[in-house]
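Me: I'd like to go through this one with you, question by question. Can you take me through it?

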Amino acid sequence: MGFVYTFANQKGGVGKTTTAINLGAYLAYYGQRVLLVDLDPQANATSCLKIDKKTVRGGTYEALLESSSVNTYILHNPRLKLSVLPSSSALAGAEVELVNELARENRLTKALEPIVDRYDYILIDCPPSLGLLTLNGLVAAKNGVIIPVQCEYLALEGLGQLTQTLDRVREALVPQLAIRGVLLTMFDGRTNLSNDVVKEVRQYFQNLVFDTVIPRSIRLAEAPSYGQPISIYAPNSTGAEAYEALAKEILAGNGVVVPALKV
Ligand SMILES: Nc1ncnc2c1ncn2[C@@H]1O[C@H](COP(=O)(O)OP(=O)(O)OP(=O)(O)O)[C@@H](O)[C@H]1O
Ligand SMILES: [Mg+2]
């Protein structure tokens, strides 16, 4: 049975998509079957993989609203050994259109049900909001939510709102919903601020924080414009090392013996 993780934080630009793509790429690199689900109308994860959202024939929107076979819309990148359920412009309307649907928060879970066994990891990239799309992502997060937190001033601000939302989802829909981990991103070791944020976040979330910290790295910001994950674009960069370490941390946490040699 595959692991399903959802990347959520209603704050924009904290590294949700960067993490979903690059963690996904390294998990695939280590032989895992990975599906990325782009649940964001901005379609950043889709375009980071060089897929033009305007040419997408179907994807997350259709999976949510038409309950047609999700399999039809999954695209596979053989080079990266990475599959993606793409976003399209239509997804922007889903937030409104879902309101009148039955079991509107369970749509993604239902759509993924038939394929969950075909993947080792399903990674769901949420938009920066706590609306119905993100709710669908949270309900589908069978193995927990990964919360990227940027190492910046007021890093913890807004996280109270997110944890309250998680509580509400637990009460109403998914009692077992867990935080899989809080991931510190865009860390700059030269600044006191970054170091303070790490301390503060670790104090607040304790052992829920991943050991791996993602540094600020220009290479990570450049990679999407080449349609490549960091594992291809700059495999020796500090950002690549960090995402590789995160993949290993997650694999080890899930009891997978991490291969000494890359596959
Ligand atoms: N570790 C990093 N170092 C440098 N730049 C980064 C890093 N992580 C992400 N970025 C850049 O910061 C911007 C925001 O990152 P990203 O798109 O992953 O955030 P997000 O949380 O998905 O944003 P949104 O909420 O809009 O979906 C992007 O331009 C990305 O390339
Ligand atoms: Mg994003």
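**Ligand, cores and a few odd spots**

Me: How far is a backbone N or O atom of Gly13 from an oxygen atom of ligand 1?
Reply: This is a predicted model, where local features need pLDDT of at least 70, side-chain atom pairs count only at pLDDT 80 or more, and totals for chains, interfaces and linings use all residues. Residues are numbered from 1 along each chain as its sequence is written, chains are lettered from A and ligands numbered from 1 in the order in which they are written, and side-chain values use heavy atoms, with hydrogens and water left out. A polar contact here is a pair of N or O atoms within 3.5 Å; within protein, one must be able to donate a hydrogen and the other to accept it, and residues adjacent in sequence count only if both atoms are side-chain atoms. For Gly13 and the ligand 1 oxygen, the distance is 3.0 Å.

Me: Which residue has a backbone N or O atom 2.8 Å from a nitrogen atom of ligand 1?
Reply: Gly15 is not the one, as its polar backbone atom sits 3.0 Å from an oxygen atom of ligand 1. The nitrogen atom has its backbone partner at 2.8 Å in Ser217.

Me: What share of the accessible area of ligand 1 does the protein cover?
Reply: Accessible areas come from the Shrake-Rupley method with a 1.4 Å probe, and for residues only the protein chains shown count as cover. On its own, ligand 1 has 620 Å² of accessible area, and the protein's share of that is 81%.

Me: How many residues surround ligand 1?
Reply: A residue counts as near if one of its heavy atoms lies within 4 Å of the molecule or strand in question. The closest are Lys16, Thr17, Thr18, Pro215 and Ser217, and the full count around ligand 1 is 18.

Me: Which residues touch the most other members of the largest nonpolar core?
Reply: A nonpolar core is a set of buried Ala, Val, Leu, Ile, Met, Phe, Trp, Tyr and Cys residues joined through side-chain atoms within 4.5 Å. Buried means under 20% relative accessible area, exposed over 50%, and partly exposed in between (1.4 Å probe, protein chains only). Among the 51 residues of the largest core, the ones touching the most other members are Ile122, Ile124 and Ile147.

Me: Which helix gives this core its largest share?
Reply: Helices (H or I, at least four residues) and strands (E, at least two) are DSSP runs, numbered from the N terminus. Six residues of the core come from one helix, spanning 132-140, and that is H6.

Me: How many residues are in the second, separate core?
Reply: Its members include Ile21, Ala45, Val56 and Leu251. The total for this second core is 36.

Me: Which side chain has a polar atom 2.7 Å from the backbone oxygen of Ser129?
Reply: Look in helix H6 for a residue that is buried, with a relative accessible area of 1%. Contact means heavy atoms within 4.5 Å, and beyond four places in sequence this residue touches Ala8, Cys126, Pro127 and Ser129. The side chain with the 2.7 Å pair is that of Thr134.

Me: Why is the pair of Phe3 and Tyr5 stacked?
Reply: Rings of Phe, Tyr and Trp (its six-membered ring) pair if their centres lie within 6.5 Å; planes under 30 degrees apart count as stacked, over 60 as edge-to-face and the rest as tilted. The structure holds seven aromatic pairs. In this one the centres are 6.2 Å apart, and the pair is stacked because the planes are at 25°.

Me: Is Phe3 buried or partly exposed?
Reply: Tyr5 is buried at 1% relative accessible area, and ring pairs link Phe3, Tyr5 and Tyr121 into a cluster. Phe3 has 24% relative accessibility, so Phe3 counts as partly exposed.

Me: Where is Ala43, with its phi near 60°?
Reply: That phi is a positive value in a residue other than glycine. Ala43 is buried, with a relative accessible area of 1%. Its place is the loop between strand S2 (34-38) and helix H2 (44-48).

Me: What is the relative accessible area of Leu154?
Reply: Leu154 also has a positive phi, near 60°, and lies in the loop between strand S6 (145-150) and helix H7 (159-172). Leu154 counts as partly exposed because its relative accessible area is 41%.
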